Amino acid sequence: MTQAKTQIYGLIGYPVKHSLSPAMHTAAFRALGINAEYRLFELEAFQLEGFFAALPENNIYGFNVTVPYKEKVIPFLDEVSEDARLIGAVNTVKVSDAKKQGFNTDGEGFLRHLREGLQFSPEGKIIALIGAGGAAKAVAVCLARDRAGQVSIYDIDNNKSSALVNNLRSKFAAVKFKAAGALSALGIGDCHLLINATPVGMKEEDPCVVSEGLLHPDLLVYDLIYNPRETKLIKQAREVGAKTANGLGMLLYQGMLSFEIWINKKAPQAVMQSALGAH
Ligand code: NAP
């Protein structure tokens, strides 16, 4: 049975043009016979308030949030999940007559891909994280929540990595956190997992975010970038015999989690995965 009126879901951000989310969610709606559309809403900051006010008249039941609004949407929400509160950012909003609820599925999406897709449990592991921006925060909180042993963080801006480490220490006393003042201080040689949470590698001319000599075969190298699929970091990691993953897995799992929050049904993983792979 199809609903009479098409439910609208979507993505707000600026820019959003190149997002892969419409393909993934549209395929999922079709596979489950749900009368819904996923649209891109490219908003300027001044349009945010009007967007929220017009949710009912536009039949919007939920949406994803990307840069630069993951923090800015919080004042418009009635409730925020525990993960979103710890991360300080929302990437998924569910809209009902009664309320607007905010969630963050980025970190949990990363974790689910680590555990289910790559059979890697973070518990007790030594982890190096490059970048201390929005994605790094989500990933670090979920790694800590799942009892990682040690997380060392390096950002080109040392103030950012120190602030993130101080914040994480105050929330997760059982995990060891270190702010590295340089890439070489991350201790990659002793790590089980290396994560790139910077945009370095998106552009053709970008260098590899770490020097090749730091990589080793016992590492899982996870680059959050999915465009291109193979960054210089992934290529060099493969060459030294390390296991690798690009950001498509995280994108898929965060999308599945958002879908399940909105629709209350299990997301069709294979369909969503092939919709992403088709690009
Ligand atoms: P962001 O908030 O801008 O954070 C990136 C951080 O990396 C910034 O603090 C930046 O510092 C720092 N940085 C830049 N160059 C660096 C370098 N050479 N060494 C160390 N740190 C450096 O961006 P984000 O939203 O966290 O996104 C980061 C990456 O993750 C992007 O490539 C994004 O596409 C990807 N991502 C993927 C997914 C997924 O589902 N796969 C989800 C979210 C994000 P400055 O600000 O000073 O430059």
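Biologist: Hello! What share of the protein's accessible surface belongs to carbon and sulfur atoms?

Modeller: This is a predicted model, in which local features need pLDDT of at least 70 and side-chain atom pairs count only at pLDDT 80 or more, while totals for chains, interfaces and linings use all residues. Residues are numbered from 1 along each chain as its sequence is written, and side-chain values use heavy atoms, leaving out hydrogens and water. The accessible surface (Shrake-Rupley method, 1.4 Å probe; for residues, only the protein chains shown count as cover) comes to about 12,900 Å². The share that belongs to carbon and sulfur atoms is 52%.

Biologist: Thanks! What radius of gyration does the protein have?

Modeller: The radius is taken over C-alpha atoms, and the globule rule is 2.2 Å times the number of residues to the power 0.38. For 279 residues, a compact globule would come out near 19 Å, and the protein agrees with this, at 19 Å.

Biologist: How many helices and strands does the protein have?

Modeller: Both are DSSP runs numbered from the N terminus: helices are H or I with at least four residues, strands are E with at least two. By that rule, the protein has nine helices and twelve strands.

Biologist: Let's take the sheet with mixed pairing; which strands stand at its edges?

Modeller: Two strands pair if DSSP finds at least two bridges between them. The order in this open sheet of six strands is E2-E1-E3-E5-E6-E4, and E3 (residues 60-65) runs antiparallel to E5 (residues 92-95), with three bridges. Two strands have a single partner each, so one side of each is left without a neighbour in the sheet: E2 (36-42) and E4 (79-80).

Biologist: Which strands does helix H1 touch there?

Modeller: Contact here means heavy atoms within 4.5 Å. H1 (residues 21-31) packs on that sheet at about 165 degrees to E2, where axes are lines fitted to C-alpha atoms, for helices over the stretch in contact, and angles run from 0 to 180 degrees between N-to-C directions. The strands touched by H1 are E1 (7-13), E2 and E3.

Biologist: And the other open sheet: is its pairing parallel or antiparallel?

Modeller: Six strands line up there as E9-E8-E7-E10-E11-E12, with E9 (176-179) and E12 (243-245) at the edges. The twist averages 15 degrees from one strand to the next. Four bridges join E10 to E11, three link E11 and E12, and the pairing is parallel.

Biologist: Which residue in E11 is the bridge partner of asparagine 196?

Modeller: In a regular strand the side chains alternate between the two faces of the sheet. In E11, Leu220 and Tyr222 point one way and Val221 and Asp223 the other, and all are buried (under 20% relative accessible area, with exposed over 50% and partly exposed in between; 1.4 Å probe, protein chains only). While valine 221 is bridged to threonine 244 in E12, the partner of asparagine 196 is aspartate 223.

Biologist: Which side chain makes a polar contact with threonine 231?

Modeller: Threonine 231 lies in the loop between E11 (220-223) and helix H7 (232-239), and is buried at 3% relative accessible area. Leaving out residues up to four places away in sequence, threonine 231 touches Gly201, Asp223 and Ile225. A polar contact is a pair of N or O atoms within 3.5 Å; within protein, one must be able to donate a hydrogen and the other to accept it, and residues adjacent in sequence count only if both atoms are side-chain atoms. At 2.7 Å, the side chain joined to threonine 231 is that of aspartate 223.
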